[in-house]
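Dear colleague,

I am passing on the structure below for your own work, and my notes on what was found in it follow directly after. Please read them alongside the coordinates.

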Amino acid sequence: MPTLSQSGYISTNKEQAVVDEQAYCALEVGTLGERLAPVAAVSERVGGDPANWSIREVGDGNLNLVFIVTGEMGSVVVKQALPYVRMVGESWPLPLYRAHYEYYALVRQAKRAPGVAPKVYHFDKAQALIVMEYLHPHVILRRKLIKGERVAGLGKTLGEFCARTAFRGSELSLPSPEKKADVGLFSGNVAIPAITESLVFTDPYYAAEMNHHTPQLAEAVAALRGNALLKAKAQRMLLKFTANTETMLHGDLHSGSIMATDDSVRVIDPEFSQYGPMAFDLGMAVANFLMAYFSQPAHRDASELEAYQAWILEVISECLDSFEAEFRRLWHTERCGILYPRALFEEQGHDSTPACEALLDEIREDALAFCGIEMHRRVLSLAHNADFEEIEDSALRARLEARNVKMGKELVVNASAYRETPALLALARTHNR
Ligand code: SR1
Ligand code: MG
């Protein structure tokens, strides 16, 4: 399959590998200090003698190397793409150019939703390497949700982040030439969207080669895969995902892409960024909260379970509500692109509020359908999430996963019925019984 090479020319995968291999060299703990000492962005922040730097590889994601480098003055994170999928190995090559898109996305997120993404200190295209802010004492949100820890402002921060990036990355706000140029730029990222297109939208719905699921879930899986209406709706959502370049997405907004303390929330890891539908990130985030919710009976004592699950539902509600509140605010204060221009509405004495509400209805409905699909893929396709995966008792795991799978199905085929948040939360409670 042709891909865009680092030089910007279309090439075959084979040529890509040759180009990359000439300059690229994967970092190692033993040599990282020596290699990055000449980079001022690193040495000035870390400080002291590079020979004394403490260097740890902490990457626990599916794709990349991630190092924390600490010296006398401070710490930085160094993230480097590998030329293959880390969780699978060298048998699944993956172009290094994905690091460019992660860098482009981080820069845009910093402008569109300030203060949420990590600050970028240095980018090395040939090495597919980004040096960025060390978030401390933040930990991966998924770990906190499994432990039963609360994060103040979680739903609000995420809802606002999704609204700001959705609105300000679209032609509701961006000058049209700038937005179209950006769509062109990001369209060079072929390999990463291809992962989402298959692992998220397609593989869960048939016996794809890399799939796996808990054996006792077989009946629920068969029901899902036998549902042609569901498969058609999932493919309709895939068509929207591939063809609708409304805004720049984070593209992988699960609870492993969020870091938090008790009261601070940051969004990391936008390497799956692409231009796509405004509803996508919101739907992914809500799906990951719902999966945390359904998995709780395996992680909590009865004494804490009800209250903690109720808190997760509050987070979902806050996330959806603050998305809409922030989107409405931006609609009225920052709508300066070619879409829904004031010349057609306010300047003609027409209130544009109904147009905004109709758009929000569509976004909510699409978000819930994307949400249901994400709930399916995380228990049926290749990359499962720890919320369920760490449940050792496979019978219990299957029971909880089945709740998740069934609610996901309802959201995909009947999303419009859950437009109002109370209806969505009631559906979750019903499946949780
Ligand atoms: C082969 S990559 C598997 C998954 O990891 C990433 O975080 C994405 O969610 C992707 O679908
Ligand atoms: Mg990731």
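The largest pocket is the space that ligand 1 takes up; here a pocket is an open set of points on a 1 Å grid over the protein atoms alone, with protein on both sides within 12 Å along at least five of seven lines, and a molecule sits in one if more than half of its atoms lie within 2 Å of its grid points. This is a predicted model, in which local features need pLDDT of at least 70 and side-chain atom pairs count only at pLDDT 80 or more, while totals for chains, interfaces and linings use all residues. Residues are numbered from 1 along each chain as its sequence is written, chains are lettered from A and ligands numbered from 1 in the order in which they are written, and side-chain values use heavy atoms, with hydrogens and water left out.

The shell around ligand 1 comprises 7 nonpolar, 2 polar and 3 charged residues (Ala, Val, Leu, Ile, Met, Phe, Trp, Tyr, Cys and Pro count as nonpolar, Asp, Glu, Lys and Arg as charged, and the others, Gly among them, as polar). Among the surrounding residues, those with a heavy atom within 4 Å, are Trp92, His254 and Phe272. Because domain 1 (3–133) and domain 2 (139–432) both give residues to this shell, ligand 1 lies between them; the domain bounds come from an automatic or database domain assignment.

As for polar contacts (pairs of N or O atoms within 3.5 Å), an oxygen atom of ligand 1 is 2.7 Å from a side-chain N or O atom of asparagine 62, and an oxygen atom of the ligand is likewise 2.7 Å from one in the side chain of aspartate 252. For arginine 377, the corresponding distance from a ligand oxygen to a side-chain N or O atom is 2.8 Å. Taken alone, ligand 1 exposes 310 Å², of which the protein buries 95%, with areas from the Shrake-Rupley method and a 1.4 Å probe.

Regarding the backbone, histidine 136 and proline 137 are joined by a cis peptide bond with omega of about 5 degrees.

Kind regards

Technical notes: Polar contact = N/O pair within 3.5 Å; in protein donor to acceptor, adjacent residues only side chain to side chain. 1 Å grid on protein atoms, 1.4 Å probe; cavity = no way out; pocket = protein on both sides within 12 Å on 5 of 7 lines; lining within 4 Å.
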